[in-house]
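Dear colleague,

I am passing on the structure we spoke about, with the sequence alongside, so that you can look through both before reading my notes. My comments follow below it.

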Amino acid sequence: MPATMNRADALISLERLASECSREGWDGYGAEPVRPGTVAQAGRFLDALPKQFPVPAPGVEPDGCVTLEWYESPDWIVSVSVSPDCRLDYAAILSTLKQHGSCVFADAIPATVLDLVKQFCSKVD
């Protein structure tokens with residue numbers, strides 16, 4: 001896995017991305033703006049992440065959600081989409097395991113998502 005960033009770097013990167021993508025059509029194709037509430041939810045997710053886990057790389061999506069991604073290779077990845085309404089949409093490819101779903105985030109990361117990140121880390125360590 002490429003060198004991981006620390007939480008402070010991830011938050012700085014997230015704020016920069018949110019600023020760059022804060023107006024409608026930021027991608028040139030009608031993308032929704034990233035709202036401050038979405039950035040705040042993503043920050044709470046990062047704060048709730050157990051300290052032993054690597055910090056995911058932040059990104060933004062055309063629907064205005066924030067993506068937090070752990071990536072090793074195309075067949076070893078966990079991606080979590082954070083929405084402003086406390087919903088997490090997640091997808092993982094961990095070799096032959098392929099899993100996706102949605103859950104509610106209420107300041108504690110759901111066990112399903114934590115388990116996927118644990119499995120991701122098991123190969124990377």
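To begin with the contacts: among those in the chain with a separation of 6 or more, 46% are accounted for by residues that stand 24 or more positions apart. Please keep in mind while reading that this is a predicted model, and that the values below are computed from it.

As for the overall form, the chain has 125 residues and a radius of gyration of 14 Å, which agrees with the value near 14 Å that a compact globule with this number of residues would have. The C-alpha trace spans about 40 × 30 × 25 Å along its principal axes, and 44% of the 125 residues count as buried. The area that the chain exposes comes to about 6600 Å², of which carbon and sulfur atoms supply 54%. With regard to charge, there are 17 negative and 10 positive side chains, and the centres of these two sets lie 3 Å apart.

The secondary structure consists of 3 helices and 5 strands, and, read from the N terminus on, the elements follow the order α-α-β-β-β-β-β-α.

The strand pairing that I looked at concerns β1, β2 and β3. Strand β1, which covers residues 57-60, pairs in the antiparallel sense with strand β2, residues 66-73, over 4 bridges, and within this pairing Val 60 has Val 66 of β2 as its bridge partner. These two strands form a hairpin with 5 residues between them, and in its turn Gly 64 has a positive phi of about 90 degrees. Strand β2 also pairs with strand β3, residues 76-82, again in the antiparallel sense and over 7 bridges, where Tyr 71 has Ile 77 of β3 as its bridge partner. Here too the two strands form a hairpin, in this case with 2 residues between them.

Finally, a note on one residue outside these strands: is Ala 8 buried, exposed or partly exposed? Ala 8 is found in helix α1, which comprises residues 7-20, and because its relative accessibility is 47%, it counts as partly exposed, given that buried means under 20% and exposed means over 50%. Between the C-alpha atoms of Ala 8 and Ser 79 there is a separation of 20 Å, the two residues being 71 residues apart along the chain.

With best wishes

How values were computed:
Residues numbered from 1 in each chain as written. Predicted model: local features only at pLDDT ≥ 70, side-chain atom pairs only at ≥ 80, totals over all residues. Heavy atoms only, no water. Rg over C-alpha atoms; globule rule 2.2 N^0.38 Å. Buried < 20%, exposed > 50% of the residue type's maximum accessible area, 1.4 Å probe, protein only. Contact = heavy atoms within 4.5 Å. Areas by Shrake-Rupley, 256 points an atom, 1.4 Å probe, with all protein chains shown as cover. Lys, Arg positive; Asp, Glu negative; His and termini not counted. Charge placed at Lys NZ, Arg CZ, Asp CG, Glu CD. Pairing = 2+ DSSP bridges.
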